[in-house]
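Trainee: Could we go through this one together? I would like to see how each label is earned.
Mentor: Happy to; let us look at it first.

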Number of protein chains: 2
Amino acid sequence: MQLTKQTLNQRTDQIYDVLVVGGGAAGLSAGIYLQRYLLSTLIIDKGKARSHWMQELHNYLGLPPDTPGRDVLKQGKAHYLSLDGDYLNAYVEEVMDEGETFAVRVRIGRTNPTYAVFRSRYLIAASGIIDHLPKLADMQNVFDYAGHNLHVCLICDGYEMRDQRVGVFGSHESSLEVAFSLSWFTPHITLFTNGEFEVGAELRDRLTSNGFTLIEQPIKQFLGENHQMTGVELADGSIVKLDAGLVSMGSKYHAGYLKNIDLEYQGGNLITDKMNRTSHPRIFAVGDLKVGMNQVVIAAADGALAATQIWRDIRRAEGTRRSPISVNAA
Amino acid sequence: MQLTKQTLNQRTDQIYDVLVVGGGAAGLSAGIYLQRYLLSTLIIDKGKARSHWMQELHNYLGLPPDTPGRDVLKQGKAHYLSLDGDYLNAYVEEVMDEGETFAVRVRIGRTNPTYAVFRSRYLIAASGIIDHLPKLADMQNVFDYAGHNLHVCLICDGYEMRDQRVGVFGSHESSLEVAFSLSWFTPHITLFTNGEFEVGAELRDRLTSNGFTLIEQPIKQFLGENHQMTGVELADGSIVKLDAGLVSMGSKYHAGYLKNIDLEYQGGNLITDKMNRTSHPRIFAVGDLKVGMNQVVIAAADGALAATQIWRDIRRAEGTRRSPISVNAA
């Protein structure tokens, strides 16, 4: 059920089999599998999954290529709730490992928040990442285009940018390297530093020899209308016409609640085995937070793998199901 | 485009980037990703993907839990064709490794077949498996229930069998071990050997001590109507009432066309790395044919991984896209 401030006290005295941090594609898929394994599950979601921002999921098998990411999340949440999974809109502040269980402290609500602690035997970190965006004076100007034709994922949207005039927006020198992969799709590439970092001679040479344009002055604003970005106005008032943009500024990793637990990372990503178990035997990581490709279909598969391994763990430890049922075969 | 006997000659003189054997969930997902990477792809499908037989996909994120498997395949094929991928209904007889390319010999049509050879640089084996079913005098009697409530996948359908009277249909002693996992969902388990194999004392003891029933005489027929199996009639005329069945008789692996290529297997499954590359650098395996869980969402993710790795291979080897486009940025 959907838990609220009024009903959550019904759940704070029980131990869930699995608590899932994050209700994006990976967390919802895990929840669906877990409930179907007859394991008790709580998904805690703070909102704003990365896929929520995708206007069109072009590459997810089984759905038309203009399906908004939020439709997948909506269907997945309804599916999960239909299987009697618990779901709470809240922010996970901290996870404490108590040995047999985890204690998970959450904050519910933004204004006048309340706090609660839930307990579970296993934890799935499905809290993902969110892309850094160009920092302009008017951020609404950025949000107007992000997820439309201001893309954040080359694998997802390279096809949409084929033969287009594309602006690449970086945050440091190596972030511009994506231009060489982008050039598979289009040769018309302009790179923007927004005046925030230097580009050394070696990279500058490679960019130039590939025919790319480098613009190092600050960006005043994106131009366009109806969520379609058509170019960039620079600080000096000049205008660069573009058909699309690719933001390559790295990501914020939503894993702060794991700070007290010793886990293996590669960069900001959690390292897992093939069933998505982290270096902690009762913590799994799925979706964008783990090492691997950031794709909705892979996140969904990650959830299935983690849920299945947790079921195997618990089943092997307990033998048969715990709920009271008659013992004799018919 | 959908190739036919009339049009396939237009394609036999070109070299595809990737030939995908099998148009199930894994193959179609790979095809969608490959075409979006601007790689030329041919999917060859003999029909009857395992998911085609699934009446309801209960656990695929983004789709209602009563979605037939064939709907996913239909949507996926339309999606792939909309991206200008080539698709041929045919049977792949043999793959020959020519060094830089593969030559793939196919048979088109059942009566008065024609033959053709296609060439590609990479091969994705997405041809899957199909479950062995109980061998009864009237096989139509089996087909009437298979994929409805005569299940073949515990992970997929354990939830549907919870607390039900379930018959397990095995093909050899170890195939009955699935009953112990099934007992997570229901204690009401009857095992059938169909008179085809012996059960040793050790397993017999474990089955009995778990409260399972073992029936070793031949099965005359399944009983039921409207695709809902309600029990089994045995050779002696006695009837065992059931609510569902679980077939555990192993699978046929569709990999005969790879017989001339030295690949690493684990049982019938191809061994792959995390991007689904086999022990051959230009052959990938995805879906049920590779080691791992047999789930539609995992097959779809497999296709995305293999396609992405092939794109990386080709992109790194070639630098930029091959098609003639103007070189200068706008």
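Mentor: Here is a start: the crossing in which α7(A) passes α7(B) is left-handed. Keep in mind that this is a predicted model.

Trainee: What makes α7(A) and α7(B) oblique to each other?

Mentor: Helix α7(A) and helix α7 (residues 296–318) of chain B pack at an angle of about 135°, with axes 8 Å apart. Roughly perpendicular covers 65 to 115 degrees and roughly antiparallel begins over 145, with the rest counted as oblique. The two helices are therefore oblique.

Trainee: Which residues meet there, and how do they divide by class?

Mentor: From α7(A) come A:V297, A:I298, A:A300, A:A301 and A:A304, and they meet B:V297, B:I298, B:A300, B:A301 and B:A304 of α7(B). That contact divides into ten nonpolar residues, no polar and no charged.

Trainee: How many residues does the whole contact between the chains involve?

Mentor: On chain A, 53 residues are in contact with 53 residues of chain B. On the chain A side, α1 (25–36), α2 (69–82), β11 (189–192) and α7 (296–318) each supply at least two residues. The largest share, eight residues, comes from α7(A). By class, the side of chain A that touches chain B has 29 nonpolar, 18 polar and six charged residues.

Trainee: Why are α1 and α2 of chain B called roughly parallel?

Mentor: The axes of α1 (residues 25–36) and α2 (residues 69–82) of chain B cross at roughly 20° and come within 9 Å. The label needs an angle under 35 degrees, so α1(B) is roughly parallel to α2(B). Their crossing is left-handed.

Trainee: What meets what between α1(B) and α2(B)?

Mentor: B:A25, B:L28, B:S29, B:G31, B:I32 and B:Q35 in α1(B) meet B:V72, B:L73, B:G76, B:K77, B:H79 and B:Y80 in α2(B). The classes here are six nonpolar, five polar and one charged.

Trainee: Now a single residue: is A:R277 buried or exposed, and how do you know?

Mentor: Count the other C-beta atoms within 10 Å: A:R277 has 20. The cut-off for buried is 20 or more, so A:R277 is buried. This arginine lies in the loop between β19 (269–270) and β20 (283–285) of chain A. Leaving out residues up to four places away in sequence, A:R277 touches A:T272, A:F284 and A:Q309.

Trainee: And what makes B:G170 buried?

Mentor: The same cut-off of 20 or more applies. B:G170 has 24 other C-beta atoms within 10 Å, so the glycine is buried. B:G170 sits in strand β10 (residues 166–170) of chain B. Beyond four places in sequence, B:G170 touches B:S175, B:L176, B:L191, B:T193, B:S248 and B:M249.

Trainee: What share of chain A is buried?

Mentor: Buried residues make up 45% of its 330 residues. Chain A has seven helices and 20 strands, and its C-alpha atoms fill a box of roughly 75 × 40 × 40 Å along the principal axes.

Trainee: Which residues have the most contacts inside the largest nonpolar core?

Mentor: They are A:L19, A:I124, A:A125, B:L19, B:I124 and B:A125, in a core of 180 residues. Apart from its neighbours within four places in sequence, A:A125 is in contact with A:V21, A:A255, A:L258, A:L270, A:I283, A:A285 and A:L289.

Definitions and conventions. Residues are numbered from 1 along each chain as its sequence is written. Chains are lettered from A and ligands numbered from 1 in the order in which they are written. This is a predicted model: local features need pLDDT of at least 70, side-chain atom pairs count only at pLDDT 80 or more; totals for chains, interfaces and linings use all residues. A nonpolar core is a set of buried Ala, Val, Leu, Ile, Met, Phe, Trp, Tyr and Cys residues joined through C-beta atoms within 7 Å. A residue is buried if 20 or more other C-beta atoms lie within 10 Å of its own, exposed if 12 or fewer, and partly exposed in between; C-beta atoms are placed from the backbone. Two residues are in contact if their C-beta atoms, placed from the backbone, lie within 7 Å. Helices (H or I, at least four residues) and strands (E, at least two) are DSSP runs, numbered from the N terminus. Ala, Val, Leu, Ile, Met, Phe, Trp, Tyr, Cys and Pro count as nonpolar, Asp, Glu, Lys and Arg as charged, and the others, Gly among them, as polar. Axes are lines fitted to C-alpha atoms, for helices over the stretch in contact, and angles run from 0 to 180 degrees between N-to-C directions. A crossing is left-handed if the near helix is turned anticlockwise from the far one by less than a right angle, and right-handed if clockwise.
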